[in-house]
Amino acid sequence: LNTAANLVRHRLDIILSSFVFEVLVGTVIVANAANIGWELSWRVKGLEAPFAAHLEDLCLAVYLVEIGLRFIAYGPQCLSDNWVKFDLFLVIVGVITQWAL
């Protein structure tokens, strides 16, 4: 079991540190930022933007999976990286404001 867990953590480390993964997460971040801009511009015009909440849910789910994978791969030690702490904070705030309230 320990060997299997180590193998999973090693493979996750390879994925999480890959350029492709960084580009994919970066693309989600840019898409989320654009979505926020579109939603605000629609609201200013008095229009509904029903797609915006769904896209924001999708982005938040991606962020949640990313944080979860980091904890699986590195354990609590992943919090030694300040960017991971910041990401975790944003995910927690997003979950509370988007899904809990």
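Which residues does cysteine 78 touch, not counting residues up to four places away in sequence? In this predicted model, the contacts of cysteine 78 are with Arg70, Phe71 and Val84. Cysteine 78 itself lies in the loop between H3 and H4, and its relative accessibility of 6% means that cysteine 78 counts as buried, because the cut-off for that class is under 20%. Cysteine 78 is separated from phenylalanine 51 by 27 residues in sequence, and the two C-alpha atoms are 33 Å apart in space.

The helix that precedes this loop, H3, is a convenient place from which to view the rest of the model. Helix H3 covers residues 50-74, and its 25 residues, taken at 1.5 Å a residue, should span 36 Å, while the C-alpha atoms at its ends are 37 Å apart, so the expected and the computed span agree. Just after H3, glycine 75 takes a positive phi of about 70 degrees. The buried residues of H3 are Ala52, Cys59, Leu60, Tyr63, Glu66, Ile67, Arg70 and Ala73, a list in which glutamate and arginine appear beside alanine and leucine. These buried residues pack against three helices, namely H1, helix H2 (19-44) and helix H4 (82-100), and each of these partners can be taken in turn.

The pairing with H1 comes first in this account. Helix H1, made of residues 2-16, packs with H3 at an angle of about 130 degrees, and the axes of the two helices are 8 Å apart. H1 and H3 are therefore oblique to each other, and H1 passes H3 in a left-handed crossing. On the H1 side the contact involves Val8, Arg9, Leu12, Asp13 and Leu16, and these meet Leu69, Arg70, Ile72, Ala73 and Tyr74 in H3. Sorted by character, the residues of this contact comprise seven nonpolar and three charged ones, with no polar residue.

With H2, the geometry is described by an angle of about 150 degrees and by axes that lie 10 Å apart. Since angles over 145 degrees count as roughly antiparallel, H2 is placed in that class relative to H3. The crossing of H2 and H3 is left-handed. From H2, the residues that make the contact are Phe21, Glu22, Val25, Val28, Ile29, Ala31, Asn32, Asn35, Glu39 and Trp42, while H3 contributes Phe51, Ala52, Leu55, Glu56, Cys59, Val62, Tyr63, Glu66 and Arg70. The residues of this contact divide into 12 nonpolar, two polar and five charged.

Two members of the H2 side can be followed individually. Asparagine 35, which is placed in helix H2, has a relative accessible area of 0% and is therefore buried. Once its neighbours within four places in sequence are left aside, asparagine 35 is in contact with Phe51, Ala52, Leu55 and Glu56. Glutamate 39 also has its place in helix H2, and with a relative accessible area of 14% glutamate 39 is buried. When residues up to four places away in sequence are not counted, glutamate 39 touches Ala49, Ala52 and Glu56. Valine 20, by contrast, is found in helix H2 but counts as exposed, because its relative accessibility is 55% and the exposed class begins over 50%. The C-alpha atoms of valine 20 and alanine 34, which are 14 residues apart along the chain, are separated by 21 Å.

The remaining partner is H4, whose axis comes within 10 Å of that of H3 and crosses at roughly 140 degrees. That angle makes H3 oblique to H4, and H3 passes H4 in a left-handed crossing. The contact is built from Ala53, Glu56, Asp57, Leu60, Ala61, Tyr63, Leu64, Glu66, Ile67, Arg70 and Phe71 of H3, together with Val84, Asp87, Leu88, Val91, Gly94, Val95, Gln98 and Trp99 of H4. In this contact, 12 residues are nonpolar, two are polar and five are charged.

Arg70 offers a way to draw these descriptions together. Arg70 belongs to the buried residues of H3, takes part in the contact with H1, appears in the contact with H2 and is listed in the contact with H4. Arg70 is also one of the residues touched by cysteine 78, which returns the reader to the loop between H3 and H4.

Technical notes: Residues numbered from 1 in each chain as written. Predicted model: local features only at pLDDT ≥ 70, side-chain atom pairs only at ≥ 80, totals over all residues. Heavy atoms only, no water. Axes fitted to C-alpha atoms, helices over the stretch in contact; angles between N-to-C directions. Helix = DSSP H or I, 4+ residues; strand = E, 2+ residues; numbered from the N terminus. Parallel < 35°, antiparallel > 145°, perpendicular 65-115°, else oblique. Left-handed = near helix turned anticlockwise from the far one by under 90°. Contact = heavy atoms within 4.5 Å. Nonpolar A, V, L, I, M, F, W, Y, C, P; charged D, E, K, R; others polar. Expected span 1.5 Å × (residues − 1). Buried < 20%, exposed > 50% of the residue type's maximum accessible area, 1.4 Å probe, protein only.
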